[in-house]
Each structure stands twice: as C-alpha cells, then as structure tokens.
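Visitor: I have a structure open and would like to learn how to read it feature by feature. Can you walk me through it?

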Amino acid sequence: MRLSRYAYSLLMLLVLAWCITRLANGSWLQTDLTALMPQETRPDVLLQQADAANEARLNGQVVMLVGAADADTAFAAAAAAAHSWQESGVFAAVDSRIDPDLEHIRREASLLAQAVLPEHARSQLAEQPQQYFQTLAEDWANPFAAASPLPPEQDWLGFGRFVTEQLQSHSTLQWQPDNGMLYTETEDGLTWVWLRGRLPQGQTLTASPTALLPLMQHSRALAEAQGATVLQAGGALFAATAKAEAERESRLMSLTGLSLTFALLLWAFRSPRVFVLALPLAAGMLSGVAAGLWVFGEIHVLTLVIGTSLVGMLVDFPLHWLAPSAFAARDGHGWQAQEAMRHVRPTFVISLTITVLGYVLLWFTPLPVLRQTAVFSAAALIGAFGATLLWLPPLFARYRNRAHGFAALTAALYRVSGSLQAYIRHPVFAAAALLLLGFGLWRTDGRDDIRQWVAMPPQLLAEVEQIGRISGSDFSGRFVLVEADNSDALLAQSRRVRQALAPLQAQGSLDGIQGLDQWLADAGQQAALRQTLRDLAAQPAHWQPLRDLGVPDHTIRAALLQAADAPDVGIATALDTALAEAWQPAYLGEAVPGRFAAVVRLHGLRDAAAAQAALSGLPGVHWVDQRGRLNSLFEATRNQAAWLKLASFVLAWLLLWRLFGLKTGSRILAVPLTAALATAAVLGWLGLPLSLFALFGLLLASAIGVDYAVYARTARHSPEARLGGMLLAALTTGISFALLGLSSTPAVAAFGLSVTLGVVFNLWLAARLLEA
C-alpha cells in the first residue's frame, strides 16, 4: 500500500506539473459557442460553406444603432461612440462614415450600370422605349430626381440612375453627405445612425469580455449621456456576455459550494481535519482538467461550469468512509481509518466501475460538450477515488470522532424512515404513486432548443429584434441555398426561388426576398438587353424626348451601339466592387469543382412550413434552418445518449448479478431506474422539458443512485451509519447541483435541477435497502 501511495503521489505531481506547463503555454479555455454543436455527418460542403458564411456575417462584427428624435443629436452621439471604438483597439476596423471617392464610384458605376439594370427598366426599354426616354428627359430636367453617379455625357442612356436605385431598394440605409454617416429614419420619427465594428480575423466568438463588454458599456453611456437611445447586436457580444456570466457563475458556485460543503462537514464531524477531505477534491479536479486537456487540447467553459458541480460527488467516497466514525464514537467503539477503508473498498470499486462505465458510453455521443464532460467526470472520479484510498487513511490514523449530534440526528431520521416505510407499502399509497408517476411521465416534453444553451440577456434579445425591424434583416438562421453548375445559372436559380415564394409575399407571410438576381442580370438577360439597344439604334423616333432636349441623334445612336457591344458582366466581376459590398456575402462561389452556390435571404418569414412546401421539388434548391436542424440533432443526440445509458444499465445489471445474485442485483439497479423515472415525472408536473441537459442530469443522477444502492446494500456498517454516509453524500452533492439549478443558463439550470431531484429520490429509495 505504501508503494502504491508513493506511486500515486508521484503521478499527481507529474500531472500537476504538466497542467501548469500546458496552461502557461497557450490558450486552453474554449468559449466558442459553435464548439458546443453536435459533430454531425454532413458531407455536403455547400451547406458547410453556407453555415460558415452566415456565422461570419453574424459573428464577425458588432453593430450599434444610435437613435434620437433630433438627427443632429443622433449624429453627434454616434460620432463620440465611434471615436471611443477607434481608440480602444478592440476592432480591426470601425465603419462609422463613408467618404466616397467619386472617381472610383463613377468607374464602378460605369462598369455595372448596364448589367444591374433592374427588370422593370429592361422591360420598359423593350416594350415602351419612348416612355423610358421621356422619364429620363424629365429626370435630367428635375433637380429633385434620383441622382446618378455619372454625368449625362458619360451616361446618355441613363443607366447610372439605377445603380443607386439598386443599392437603396434592398436597404433602409441612407447616406448623410455632410458627415458621411449612414442612417435610417423610422416611422416614429427617430433617426438611427449605424456603427459597425469588425473584429480581427479569427476573433469572432472568442472576443475577450474584459475588453469588448466594457467598451460597449462605455459607448452606450456616452450616447445616452447626450440624450440618445442605443441598440447593440452581434454574435461576439452575445458570446462575450455569456462567457463573462459563465465565469462569474463558475467562481461563485465553486466558492459557495465549497463553503456550504465544508460548513456541513464541520458541523457533522466537529473537527478541522475535515478540510483534509479537500485533497480528493483537488486530485479529482486536477485529474479532470488534465484528462480534458490531454484528450481534447482544450476545455469548454460550459464543461468547467458543470465540472465544478462535481464538488459534491467527489466527496462521496470520503464521506461513505468517514461517516461511520460518528456512530462508532456514539456507541463507544473504536474506529480505525485503515480498517474502515478495507471495509468499504469493495463497495467503492463496484460503484466506481459502474459509474465510469456510464461515462465511457457517453463518449460515443456526437455532442462535444457531453464527451468533454464525460471524460472530465470519469477522470475526476478516478482521481478522487485514488486520493481517498491512498491519502486519507494515514492522515486520519489517530482520528477520533467525538461529535454525537450528527449520529443522533441520523438515528432519529432512520427511525422516522422506518415508520414511513409501513405507510409507503400500503396498496393505496402505491396506487397513488403510480398514478402520479404515470401522469407526470405522460406530461413529459422532450423539446430541445439551442437558445437554452447560453444565457440570453432579455435586453440584448429585444435590441436584436428591434435592429432587425429597423434594418429589415432576419436573424433567425433560416435561408435558401441555391446551387448550379456555373455562376451564371445561379442567377436563374435565385429568380426561380423568388417566383416560388412570391405568393407568400403577396399573402403577407413573407416581408422580403433578397437574391443575387435582383442585383445582376444573367447572361441571357444581358444579351436580350443588348439586342434591344441595337434595335433602338435604328429607331430614332423612340428617343424623341432626348432630341427635344437638344441631344444630337448621332450621340444617342453611338451610345446605344456602344452599349449593344458591351461585354457580359459576370457575378465575380460585379461583386468585386465596393458598390456590391452588401451583396458579397450572398455569393459562396465554386465550393467544389462544378458546384457554384449562393444564398437567398428571407426577411420577415412567418410561415416556415409554407416556404418549405413552396420550394420542395425545385432542383438545386435547399432549405436551411440552422436552429431547427440543430434542435433535431440535439433530439437525436438525447435519444442516443438515453440508449447508451440503458446499455450501461444492462452491463451494470450483469455485473451486479454476477456479484450479488439476480434478486439483490435487480433491487440495487431498481433504485437509479425508479429515481430517473420519478425525476422525469416531476419535470413533467412542473411543465419543464426533458431536454438534452436534463437527460444528462438524469444519467448522472442514476450513477449516484448506483453508488448509494451498492453502499446501502453491501457496506459492513450499521444501518444508521450507512444512512449517515448516504445522507452526508446527498447533502454535499445536492448543495452543488442545487446551485447549478439557479444558473442563468437554462441548459445548466435544467442539468442542476434534474440531478438535485434525482439525488433526493435516490436517497429515499436506497434507504429502503438498509434492512434488506
């Protein structure tokens, strides 16, 4: 035993040294929310690129709107906030004003004008050319008409007017020439000025809350001090807020859990030596962190938050071993640390084997956070077991428990529980319990929602929704992905999508559609336009309104023929311009040889099912609903985890049958199974969904139930002493997980609540085995 103790101590020292070196040499804490996503089998690279483009659009930048009834106030407040952003160094670039290079804009407008001519203008040139030129002549004579970036001598056909129209028709943004800022005016009379901060490459969801959050709070305070209203949004902002809250909760829960746990132990054992029980805790946490870093290279912050809840579980082994000392002192018997450890060691080995087996099977789930937590927890339990077995007996060699209060309280509870058992066995009580259990299970709802995975501050959510209304954008993660065998065919695909969804837009189920075909005409449309212009060159009567203004015939004819000879402008060329910046994220390019893809965005979609039905059957058109797909994956993962846990129960039953026989093994396994069903029923009664994390809590609670049941049935102590060991273990575990139930993150809270309920039921059911 001494050699084993030295070897274990050396191993822990080596693990500690490795962890210190690993933590000091690089980033080890993962905060990227996408790292929580299921590792699904998705061979279609187009969907992967579409997801990446959508995430980059939402997560690579932070947007702030500064609004006020007085436009000057809004512009001044936005300028002050923009200056603070630029001075902070948090953003790689801050877009607060546009100072256009008129010559550059004219060159790009001259290149694009004919290719981006909208459909109504092309149709008018083909069907009502004289009306087209009449409108052009009136626009030249009207100083308030839509301005063209090109002077008439460079744009005799007036195509330049539509470049500006195309930019503004799909955006609520306006440009203020006096200060260069972009703004939007809303129906309630407010002017909203737009600011955009772009994060450095590779720093999207991992923005440091110590830098980003104070900056956003400071800029909000600056603007509000000038009487303006502020709206903020961005994936990085949500991630930084969630990270800061998770770290705060982790520190608070660890400190509170440790304080309450050791306060309880001090009361129970009345000796400062109970602080030595921190050694298994430390060894367990060290083992968990080391295993996580070794297997994954990093640990997610959510894994740490859940891992801190193991504080209660990691002291189960020491408490099962130490609790009988209180009863030995009460009864006047001696308690020897090493001898007591020999009595409980077989029980510990059985419990540890079954619990770790359950965690090992969770490795086969596709959810990274479940796999991380399984590795962390299994390694932590093994580390705590080693510390309990090898370190604690020498440290408690001369320990004598002189406190009788805990033993007296436990004995009283044992007598009360014995009296209750008589009532519980009554057929009426059993029938009522089964009725309540069945109704609760019937009410159980197995929904999963990705939004439960992080704490979403209501204010930020409300601001995102308001920004969506002001901008006409949609942040739901639903869009249409179109593919074709060449880039030009994408425009036709996009047009087919708009035509299929047009009835929904007419019905009011869809506010708007944004596809590349609205920006650029395809090759066939451009060729048809060139033919129309060639035909018009021979029909001077149609240009009569321009002739009336004094424009010579040869000038107009030359302009028409020059336009008729213009080359095609493809997607790549059209999007490689500053004027096309708003359209660039929609084009995914050639994802794989021969497969070109683009995104069609939907705004204000109210009936997703109708949109899917309208698009079904269109070749090369894919409906993408990120949230719905992830929720389906979570449901599949939850079901897979449940089946894996059932498999672990079968293996555990075989092991228990081999060790204790069929009847006793079945009674031991009935404790965690019944507790899991009762917990699910309570969640059903409370109207809470049995989500993935709630199920994970049930899996953990079932491992605790096996531990309690094996200890209650096999430990060689008096029934009161065994109840005392389980009671202390349940209280320390309950403290940790009840604190998790108070978390602001719904997934973590569901996990904590399900474990807490499971511990209560496991304690009650395991107590029935004390006399068995």
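Visitor: Which ring does Arg 273 lie over?

Guide: Bear in mind that this is a predicted model. For a charge over a ring, you look at how far the CZ of Arg is from the ring centre, with 6 Å as the limit. Here Arg 273 sits over the face of Phe 396, 5.9 Å from the ring centre. Arg 601 does likewise with Phe 479, at 5.8 Å from the ring centre.

Visitor: Now the rings themselves. How many aromatic pairs does a search of the whole structure find?

Guide: The search turns up 18 aromatic pairs. One of them joins Trp 85 and Phe 91, with 4.9 Å centre to centre and 40° between the planes, a tilted arrangement. Trp 85 is buried, because its relative accessibility is 1% and the cut-off is under 20%. Phe 91 is buried as well, with a relative accessible area of 8%.

Another pair is Trp 519 with Trp 583, and this one is stacked: 6.0 Å centre to centre, 20° between the planes. Trp 519 is in the loop between strand E10 (512–514) and helix H22 (523–536), while Trp 583 is in the loop between helix H25 (571–575) and strand E11 (587–592), so the contact ties together parts 64 residues apart in sequence. Both Trp 519 and Trp 583 are buried.

Visitor: Which residues do ring pairs link into a cluster?

Guide: Tyr 132, Phe 133 and Phe 162 are linked that way.

Visitor: Let's do helices. How far apart are the end C-alpha atoms of helix H3?

Guide: The check is a rise of 1.5 Å a residue. Helix H3 covers residues 71–88, 18 residues in total, so the expected span is 26 Å, and the end C-alpha atoms are indeed 26 Å apart. Several residues of H3 are buried, among them Ala 74, Phe 75, Ala 78 and Ala 81. Trp 85, from the tilted pair with Phe 91, is also one of the buried residues of H3. Just past the end of H3, Gly 89 has a positive phi of about 80°.

Visitor: What about phi for a residue that is not a glycine: which sign does Arg 270 have?

Guide: The general idea is that most residues other than glycine have a negative phi. Arg 270 has a positive phi, about 50°, without being a glycine. Its place is the loop between helix H9 (235–269) and helix H10 (278–296). Arg 270 is exposed, because its relative accessible area is 54% and exposed means over 50%.

Visitor: On to charges. How many salt bridges does the structure hold?

Guide: There are 13 salt bridges. Start with a local one: Glu 103 and Arg 106, whose closest N and O atoms are 3.4 Å apart. An α-helix has 3.6 residues a turn, so residues three or four places apart point the same way. Glu 103 and Arg 106 fit that picture: both are in helix H4 (residues 102–112), 3 residues apart, about one turn. Glu 103 is partly exposed at 45% relative accessibility, and Arg 106 is partly exposed at 29%.

Visitor: Where do Glu 483 and Arg 595 lie?

Guide: Glu 483 is in strand E9 (residues 478–484) and Arg 595 in strand E12 (residues 595–603), so their pairing ties together parts 112 residues apart in sequence. Their salt bridge is 3.0 Å, N to O. Glu 483 is buried at 16% relative accessibility, whereas Arg 595 is partly exposed at 25%.

Visitor: And which residue forms a salt bridge with Asp 511?

Guide: That's Arg 606, with the closest N and O atoms 2.8 Å apart. Again the pair links distant parts of the chain: Asp 511 is in the loop between helix H21 (487–507) and E10, Arg 606 in the loop between E12 and helix H26 (608–615), 95 residues apart. Asp 511 is partly exposed at 47% relative accessibility, and Arg 606 is exposed at 54%. Shared partners can also build a network, as with the salt bridges joining Asp 95, Arg 196 and Arg 198.

Visitor: Last one: which residues form a nonpolar patch on the surface?

Guide: Trp 18, Trp 294, Val 295, Val 360, Trp 363 and Phe 364 do, with about 650 Å² of accessible area together. Of these, Val 295 is in helix H10 and is partly exposed, with a relative accessible area of 37%.

Key: Residues numbered from 1 in each chain as written. Predicted model: local features only at pLDDT ≥ 70, side-chain atom pairs only at ≥ 80, totals over all residues. Heavy atoms only, no water. Helix = DSSP H or I, 4+ residues; strand = E, 2+ residues; numbered from the N terminus. Buried < 20%, exposed > 50% of the residue type's maximum accessible area, 1.4 Å probe, protein only. Phe/Tyr/Trp six-rings, centres within 6.5 Å; stacked < 30°, edge-to-face > 60°. Lys NZ or Arg CZ within 6 Å of the ring centre and 35° of its normal. Patch = residues over 30% accessible without salt bridge, like charges linked within 9 Å, V, L, I, M, F, W, Y side chains within 5 Å. Areas by Shrake-Rupley, 256 points an atom, 1.4 Å probe, with all protein chains shown as cover. Salt bridge = Lys/Arg side-chain N within 4 Å of Asp/Glu carboxyl O. Expected span 1.5 Å × (residues − 1).
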